[in-house]
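This note sets out points for a colleague who is meeting the structure for the first time. Please read the numbered paragraphs alongside the sequence and the model.

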Amino acid sequence: MTKQRASLSRPQARAGPVSRRAMFAGVALLGAAALSGCASSQLKETAQRIDVMAAELEAPPPDPPEDGAALGPADLLAHANARGKDFMRARIARARAVLDLNKVKSARYPRVSAEARQISTFTGDFEAPESVSNIVLGVNWDISRALLRLDRKTVKVAGRLIPVQYQVAQRNATRELIDTYNDYTALEFQRESVSLKRKGLQCRVDDKEVEVALGNASALELETLKDEIDAARREAMAVSRSLASKRDELLGLSGLAEGGYAVAPGRSLTDALEDYPSVTSEDADACFARSGKKRLEDLLVEAAAAQLAIARQSRFTRLTTSIPSFMTQTGGFNLQFLISYVLPIIDEGDALRLTQQARLTLLDTILTARDNRRAFMSDFDSLKLGIAGAESELAAASSVLARSRTLLESADPTERCAAANDVEKARADVRAARYKIERLKADLRLLCAPPAERRDDVTEATGE
């Protein structure tokens, strides 16, 4: 009868005492090799940052103020820096980028691998298969990456790019929070306007009832006026619901639980942005030159140029090296030194394509940077124009307020209700214009802010 043979690779098949001891020795050697490598300080710091983020996500949100004080933009931004989802995503992206960069750097060092295995051969006897145990130890090292370091310029640029990208992401998260607070404040101004409109209509109702009683107006006119008041009341209710929804959205961006927190609308944004320098120059070019966006674009262009340098080097030669060293239980020690040197005879087309692709990437990055600069200048000029327009609105609203106060002082008893309501409307318009000016100036401050990391979550959490 012909024996049937089949090879079965099983990681944990039966083995004799000697084989088991060999397996344990191999695993111990692998553990010792793993422990011999030291993590970089940058990697340890990133691990600390991840620990801080995990603790912040697991911690419950802070309790609302006991005195019932409403939160302003500075309070909301302080909570968002620690718990806000957009700020947290920016920190996660930074940690992931640091890990990726550390992986590239660590690829320059040798790697030790160990494998404990058993090969069982089926001979037809289910009770006694033929088994051979083996341990394979290996060392792999890419010498070309370790010694030549053709990517050192790219790695260096990436190290400078990560913090700038993080700061820009932080700034975008701040802008999103401020924009949501502006929407919340605009709804509050709208609610106040509808309320004043309703009060003004109610003043007219009192006068209209007198006119109807004297026969100077019809009852239909009075009913129509009351319908307007009902419509204004429904509008006020709809605005109040929208205001509550926007408040919950704002609390969510700040990492706070919905409900239980009061938010004060229309407060100054200057206190919230005190860490950012104020804009003192009227020159858009000077503003752009010191901004974080300019720094980010310069680094992106530099990174694309570094990739082009690597591609151009590969056009002339491609050098790959490795030292695989394997030691097996049955085969002894085997050392190999392999160098592969490829002249650009057959590979010239591939290398040329690689170079041209890198050139196209660099050209596209430069064009994008130029478009971003034009967009920056347009945003700068639009904000300046908006500030000038808001200042004109403030002047007009102040003039209307002065006239309304004068009319109130000279109004007779029948006109006093409407005149007082006009004064309140004018005051609301003045507050809205002043807030609009400050909002636009806050946007300008964020636009021109230079790259400067405003907080270090690891230092704050650990006290180092």
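1. Lys-294 and Asp-298 are 4 residues apart in helix α9 (residues 292-316), so about one helical turn separates them. In this predicted model, the two form a salt bridge in which the closest N and O atoms are 2.7 Å apart. Lys-294 counts as partly exposed, because its relative accessibility is 25%. Asp-298 also counts as partly exposed, at 35% relative accessibility.

2. A second salt bridge to inspect lies in helix α11, where Arg-427 and Glu-424 are 3 residues apart and thus separated by about one helical turn. Their side chains meet with an N to O distance of 3.0 Å. Arg-427 has a relative accessible area of 33% and is therefore partly exposed. Glu-424 is likewise partly exposed, with a relative accessible area of 32%.

3. A salt bridge may also link parts of the chain that are distant in sequence. The side chains of Glu-282 and Lys-384 meet in such a bridge, at 2.9 Å from N to O. Glu-282 lies in the loop between α7 and α8, whereas Lys-384 is in helix α10 (residues 348-410), so the pair ties together parts that are 102 residues apart in sequence. Glu-282 counts as exposed, because its relative accessibility is 61%; Lys-384 counts as partly exposed, at 24%. A search of the whole structure finds 15 salt bridges.

4. How many disulfides does a search of the whole structure find? The search finds 2. A disulfide is a covalent bond between the sulfur atoms of two cysteines. When the bonded cysteines of the chain are numbered in sequence order, the pairing is 1-3, 2-4.

5. One disulfide joins Cys-203 to Cys-417, with an S to S distance of 1.7 Å. Cys-203 belongs to helix α6 (residues 152-214) and Cys-417 to helix α11 (residues 416-448), so the pair ties together parts that are 214 residues apart in sequence. The link of Cys-203 and Cys-417 is left-handed, with -55° about the S-S bond. Are the two cysteines buried or partly exposed? Cys-203 counts as buried because its relative accessibility is 8%, under the 20% cut-off. Cys-417, at 39% relative accessibility, counts as partly exposed.

6. A disulfide also joins Cys-287 to Cys-448, with 1.6 Å from S to S. Cys-287 lies in helix α8 (residues 284-289) and Cys-448 in helix α11, so this pair ties together parts that are 161 residues apart in sequence. The torsion about the S-S bond is about -110°, and the disulfide is therefore left-handed. Both Cys-287 and Cys-448 are buried.

7. The largest nonpolar core has 26 residues, of which Leu-76, Leu-177, Tyr-181, Leu-250, Leu-251 and Val-263 touch the most other members. At least two residues of this core come from each of α3 (73-83), α6, α7 (219-253) and α11. Helix α6 gives the most, with 6 residues. Leaving aside neighbours within four places in sequence, Leu-177 is in contact with Leu-76, Leu-77, Ala-80, Leu-250, Leu-253 and Ser-254. A second, separate core of 24 residues includes Cys-287, Leu-383, Val-423 and Leu-447.

8. A further place to examine is the pairing of Thr-46 with Val-98. Thr-46 is in helix α2 (residues 41-58), while Val-98 is in helix α4 (residues 85-106). Thr-46 is buried, because its relative accessible area is 3%; Val-98 is also buried, with 9%. Beyond its neighbours within four places in sequence, Thr-46 is in contact with Ala-95, Val-98 and Leu-99. On the same basis, Val-98 is in contact with Gln-42, Thr-46 and Ile-162. The C-alpha atoms of Val-98 and Gln-42 are separated by 7.8 Å, although these residues are 56 apart along the chain.

9. Some totals place these details in the whole chain. The chain has 12 helices and 7 strands. Of its 464 residues, 34% count as buried. Among contacts between residues at least 6 apart in sequence, 82% join residues at least 24 apart. The chain exposes about 27200 Å², of which carbon and sulfur atoms supply 55%.

Methods. Residues are numbered from 1 along each chain as its sequence is written. This is a predicted model: local features need pLDDT of at least 70, side-chain atom pairs count only at pLDDT 80 or more; totals for chains, interfaces and linings use all residues. Side-chain values use heavy atoms; hydrogens and water are left out. Buried means under 20% relative accessible area, exposed over 50%, partly exposed in between (1.4 Å probe, protein chains only). Contact means heavy atoms within 4.5 Å. Accessible areas come from the Shrake-Rupley method with a 1.4 Å probe; for residues, only the protein chains shown count as cover. A disulfide is a pair of cysteine sulfur atoms within 2.5 Å. A nonpolar core is a set of buried Ala, Val, Leu, Ile, Met, Phe, Trp, Tyr and Cys residues joined through side-chain atoms within 4.5 Å. A salt bridge is a side-chain nitrogen of Lys or Arg within 4 Å of a carboxyl oxygen of Asp or Glu.
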